[in-house]
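Please open the structure in a viewer and keep the sequence beside it. The stops below are meant to be followed in order, with one selection at each.

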Amino acid sequence: MILLSPEQHTEYQLIDTGGFEKLERFGPYTLTRPEPQAIWDKTLSEKEWADKSNAVFKRDKNSQEKGQWISKPDMPERWVMQYRSGSLHLRAKLALSSFKHVGVFPEQATNWDYISKKVKQIPEDKPNVLNLFAYTGIASLAAKASGADVTHVDAVKQVISWSRDNMELSGLDNIRWVVEDALKFVNREVRRGNQYNGIILDPPAYGRGPDGEKWLLEENLNEILRLCALLLKKKNFFFIINLYSLGFSALILENLIKAHFPDITNHEFGELFIPDSFGKNLPLGVFSRFSDQTI
C-alpha cells in the first residue's frame, strides 16, 4: 500500500487544514471549504483564515452536502485554472457550486500524469479510453491530450456541458460525450462486445442517473468492477479507480481488484493525500491502478 500526492500543482495550494475545514488556493483565489477528515486544530488563526479567504462555503442547516458561498466582492463566480506537467497543459473552468465543489479535485493530478504516461506508452494508433462518473472531465482531457480516443460518461447533463467547456479551453476536440447512468452504459457496452485500452472510474458514494437510476457505492461497486473486467482489453491496457467514501479502505478496494482482475502483476493501491503548508497530511480518498506490464 502506497501514499500518493501530486507534485506539479503550481496553481493549487493547500494552505491550512483543521477544525473540519480546509483553506485552499485555486489560481488567484483562496477558498474555505468543509473537510470532514480534518479533525485536528487549525495552525493559522480564525482571523488569518478569514483574511485570506475570498469565499467561504457554509452548509445548510438541514443538509450535509448543500449550502451557499459567502464571497468577498473581488470573488468571481467562475474563473480558469491551469495544470502543467511535462507536455500536459490543461485548462479548466472553476465555479462555486452549491455542493461545495469547484470543478476540480487537485489530489487527482498524480492520476492525470499516470493516464498521460500510459496512453503514450500504448503501441496503438489512438488507444480508446472510457471515463466513468467523469464529472468535469480533467482525466478525459489528460487522455485526449496524450493521443487517446475518449468516451466520457456522466449522468448529469450540466456537468457534461462543463466538461465540454474544459475541452475547448484546453484546445482539444472530439471527445465522445454520453449522458447516462454509468452502470447501464457499461452493461450495454459488454453486450455489444466493446473493449477499451483504458478505464477510469471515480464513483460517488451515492448518486442518481438521468432517469432516476439509483447508485449506491456499497451495493453497485462490485458489479461495475465485474463488468469493467470484461470491457478492459487483455493487452495494452490500464485501469484506475478512485473512491472518496469514509466507509471504504484501500484494503477493501485491493480485495475487489484482486477478485475481478486476478492476473495483474503491477498493481498499485493506497491513499491519495495532499500536505498543507504546515506539514499536516490530509487524506483525500483511496485509489487502485494497474497496467499491462509491457507498457
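**First stop: the cavity**

In this predicted model, a search of the whole structure finds 1 cavity of 30 Å³ or more. The largest cavity holds about 80 Å³ of space. Rolling a probe the size of a water molecule over the atoms shows where empty space is left.

To display the walls, select H9, M81, Q82, Y83, L90, R91, A92, L94, V104, W112, I138 and L141, which line the largest cavity. Next, colour the elements β7 (78-85), β8 (88-95) and α3 (138-145), each of which supplies at least two residues of this lining. The largest share, 4 residues, comes from β8. Coloured by class, the lining of the largest cavity shows 9 nonpolar, 2 polar and 1 charged residues.

**Second stop: a pocket**

Turn now to the second largest pocket, whose volume is about 270 Å³. It is lined by 15 residues, and those closest to its centre are K234, F237, F261, D263 and I264, a convenient selection for centring the view. The lining of the second largest pocket comprises 6 nonpolar, 5 polar and 4 charged residues.

**Third stop: N54**

Select N54, in the loop between α1 (46-52) and β5 (55-59). Is N54 buried or exposed? N54 has a relative accessible area of 10%, and it counts as buried because that value is under 20%. To see what surrounds N54, add P28, Y29, T30, I70, S71, K72, D74 and M75, the residues in contact with it once neighbours within four places in sequence are left aside.

**Fourth stop: the open sheet**

Show the strands in the order β1-β16-β17-β15-β12-β9-β10-β11: these 8 strands form an open sheet with mixed pairing. At its edges lie β1 (2-4) and β11 (176-179), each pairing on one side only. On average, neighbouring strands of this sheet are turned by 20° against each other, direction ignored.

Strands of a sheet pair through backbone hydrogen bonds, either parallel or antiparallel. For a parallel example, select β1 together with β16 (residues 268-275), which pair over 3 bridges. Within this pair, L4 stands opposite L272 in β16.

**Last stop: helices on the sheet**

Add helix α6 (residues 217-231), which packs on the sheet and touches β9 (128-132), β12 (198-201) and β15 (238-243). The direction of α6 makes about 175° with that of β15. Finally, select helix α4 (residues 157-169), which lies across β10 (149-154) and β11. Helix α4 runs at about 165° to β11.

How values were computed:
Residues numbered from 1 in each chain as written. Predicted model: local features only at pLDDT ≥ 70, side-chain atom pairs only at ≥ 80, totals over all residues. Heavy atoms only, no water. 1 Å grid on protein atoms, 1.4 Å probe; cavity = no way out; pocket = protein on both sides within 12 Å on 5 of 7 lines; lining within 4 Å. Points joined across faces, edges and corners; volume = space filled by probe spheres on them. Nonpolar A, V, L, I, M, F, W, Y, C, P; charged D, E, K, R; others polar. Buried < 20%, exposed > 50% of the residue type's maximum accessible area, 1.4 Å probe, protein only. Contact = heavy atoms within 4.5 Å. Pairing = 2+ DSSP bridges. Axes fitted to C-alpha atoms, helices over the stretch in contact; angles between N-to-C directions.
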